[in-house]
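User: I would like to go through this model by asking, for each label, what supports it. Please set the values against the cut-offs as you answer.

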Amino acid sequence: MSDKMGFLAVFALVVSSQIGSGIFMLPISLAPYGMYSPISLMISGFGAISLALVFALLCAKFPRTGGPHVYVKHAFGSTVAFFVGWTYWISLWMSSTAVTIASVGYLAPLFHNNIQNIRLLLEMALVLAIMLINLRGVNTARRVELLLTVIKIVALLVIPVVALFFFDRNNFIISEEISNFTTSQILAHSTLLALWCFIGLESATASAGSVDNPAKTIPRAIVLGTICVAIIYFINNFAIMGLISGSELADSRAPYVDAVKIMFPGNWHVIASVVAFIVSVSNLNASFLTDGQVVLGLAKDKLMPKLFAKRNKHNAPFYGIILSTLGVLVLLVLTSNKNFAEQVTSIIDISMVSFLFIYLISSFAFLKVAMQEKIYYKLLIGGVTILFCCWIIYEIPISTLLMSNLFPLSGTLIYLFWYRKSIR
């Protein structure tokens with residue numbers, strides 16, 4: 001068997017990178033928007049597929065390990081690429097912290113909701129287990145990812161299909177607070193919420209060096225995977241919101257558990273908790289796999305110390321995975337304090353804005369390449385994605401945009417004291 005990932009493994013990575021704990025919270029977030037919710041999901045899905053086309057075409061032209069910084073370096077130079085790569089890497093392992101916390105939280109019903117005393121221990125054990133899987137190399141990580149993806153796709157299709165038999169269109173009611181906004185504002189806000197769940201669509205590009213025939217395999221997987229994700233999101237949210245009234249859904253803490261309680265009597269809701277755990281763990285494994293490949297690509301391009309280019313006997317980027325793991329463990333310890341947890345959750349939310357800026361600059365890089373090639377359909381795709389990203393960014397509060405600058409700024413010391421000296 002080849003040590004490189006084929007189409008199914010890359011497809012699983014694309015799907016798992018996008019479908020994580022967010023799918024269980026999205027019905028709660030979109031509940032106040034009523035019938036605007038399906039429309040916003042279609043708009044965000046269209047935007048995500050457009051972005052998928054951008055990354056697919058960029059990867060076809062530059063099939064190298066590392067992800068977004070590879071394309072930005074070609075278009076705008078090494079300095080911009082350094083800060084894009086650094087921001088992408090930090091945002092990934094910051095987001096992994098939130099996924100870890102959510103994953104363990106879904107296990108609460110198995111412990112009769114008395115999990116607080118052992119929560120931190122379970123979170124750290126989960127992170128270390130995922131680390132060990134990824135240190136065994138791409139082969140092990142891809143097998144685990146493929147298995148988890150099959151389980152979660154089946155579950156995320158079965159639950160909403162059953163929910164459709166209990167569908168009530170009267171559940172789609174716009175809240176009074178939302179009804180005061182204009183149609184444009186409602187769609188912009190709800191699309192912004194829905195778009196966060198597509199974060200990670202580009203992740204497969206980071207592993208290009210570990211993929212068989214990446215110029216063809218990755219583009220196909222990104223586009224088809226994102227289309228699949230958009231369909232799953234739409235079906236799940238439409239079905240769950242048709243099952244549970246908007247007011248009840250807005251107050252729910254676990255909508256899928258509540259949905260299973262309505263559809264099936266007894267303790268079947270425990271299965272929903274296990275499914276949620278599997279979905280989140282799959283997303284966490286995909287994040288760790290991408291994390292290691294991103295820092296490996298940065299080191300290969302001399303944008304990070306060459307130490308991070310070293311691999312272990314399983315061909316895994318040892319130091320990159322270890323450093324990311326330590327970062328997540330430190331954040332988990334810090335977030336064990338409730339007050340600090342709220343602060344870090346805010347930081348993790350802001351990391352999503354950082355992803356959006358990475359998508360925007362990658363779209364500009366794509367547009368520059370398209371202009372050089374004078375291929376008009378690529379110019380259209382690039383223009384659409386830039387307008388889409390700018391529209392979403394326009395709707396984000398200024399304070400959040402300013403705070404998102406902390407991620408690139410955190411790399412300033414590395415840039416001043418290592419990177420600038422290394423290029424002399």
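Analyst: A starting point is the network of salt bridges that links Lys61, Glu373 and Lys378; please bear in mind that the model is predicted.

User: What makes the contact of glutamate 373 with lysine 61 a salt bridge?

Analyst: The closest N and O atoms of glutamate 373 and lysine 61 are 2.9 Å apart, and the cut-off asks for a side-chain nitrogen of Lys or Arg within 4 Å of a carboxyl oxygen of Asp or Glu, so the pair qualifies. Because glutamate 373 lies in helix α15 and lysine 61 in helix α3, this salt bridge ties together parts that are 312 residues apart in sequence.

User: How do you know that lysine 378 belongs to the network as well?

Analyst: Glutamate 373 also forms a salt bridge with lysine 378, with the closest N and O atoms 3.1 Å apart, and Lys61, Glu373 and Lys378 are thereby linked in a network.

User: Which of the labels buried, exposed or partly exposed applies to lysine 378, and which to glutamate 373?

Analyst: Lysine 378 has a relative accessibility of 11%, and buried means under 20%, so lysine 378 counts as buried. Glutamate 373, with a relative accessible area of 27%, is partly exposed, and lysine 61 is likewise partly exposed, at 40%.

User: How many salt bridges does the structure hold, and what is known of the pair arginine 64 and aspartate 301?

Analyst: The structure holds three salt bridges, one of them between the side chains of arginine 64 and aspartate 301, at 2.4 Å from N to O. Arginine 64 lies in the loop between α3 and α4 and aspartate 301 in the loop between α13 and α14, so the pair ties together parts that are 237 residues apart in sequence. Aspartate 301 is buried, with a relative accessible area of 13%, whereas arginine 64 is partly exposed, at 36%.

User: Why is phenylalanine 46 called exposed?

Analyst: Phenylalanine 46, in helix α3, has a relative accessibility of 52%, and exposed means over 50%, so the label applies.

User: Why does methionine 352 count as buried?

Analyst: Methionine 352 has its place in helix α15, and its relative accessibility of 14% falls under 20%, so methionine 352 counts as buried. Leaving aside neighbours within four places in sequence, methionine 352 is in contact with Ser95, Trp196 and Ile199.

User: Which residues form the nonpolar patch on the surface, and what qualifies valine 158 by its accessibility?

Analyst: The patch is formed by Leu8, Leu146, Val150, Val154 and Val158, with about 420 Å² of accessible area together, and its largest share, four residues, comes from helix α7. Valine 158 has a relative accessible area of 46%, and patch residues need over 30%, so valine 158 passes that cut-off while being partly exposed.

User: Why is the protein called as compact as a globular protein of its length?

Analyst: The secondary structure comes to 19 helices and zero strands. The radius of gyration is 21 Å, close to the 22 Å that the globule rule gives for 424 residues, so the protein is as compact as a globular protein of that length.

User: What is the confidence of the prediction, overall and among the elements?

Analyst: The mean pLDDT is 85, and 94% of the residues reach 70 or more. Among the elements, helix α19 has the lowest mean pLDDT, 72, and helix α4 the highest, 93.

Key:
Residues are numbered from 1 along each chain as its sequence is written. This is a predicted model: local features need pLDDT of at least 70, side-chain atom pairs count only at pLDDT 80 or more; totals for chains, interfaces and linings use all residues. Side-chain values use heavy atoms; hydrogens and water are left out. pLDDT is the predictor's confidence in each residue, from 0 to 100. Helices (H or I, at least four residues) and strands (E, at least two) are DSSP runs, numbered from the N terminus. Patches are made of residues with over 30% relative accessible area and no salt bridge: like charges are joined within 9 Å, nonpolar side chains (Val, Leu, Ile, Met, Phe, Trp, Tyr) within 5 Å. Accessible areas come from the Shrake-Rupley method with a 1.4 Å probe; for residues, only the protein chains shown count as cover. Buried means under 20% relative accessible area, exposed over 50%, partly exposed in between (1.4 Å probe, protein chains only). The radius of gyration is taken over C-alpha atoms; the globule rule is 2.2 Å times the number of residues to the power 0.38. Contact means heavy atoms within 4.5 Å.
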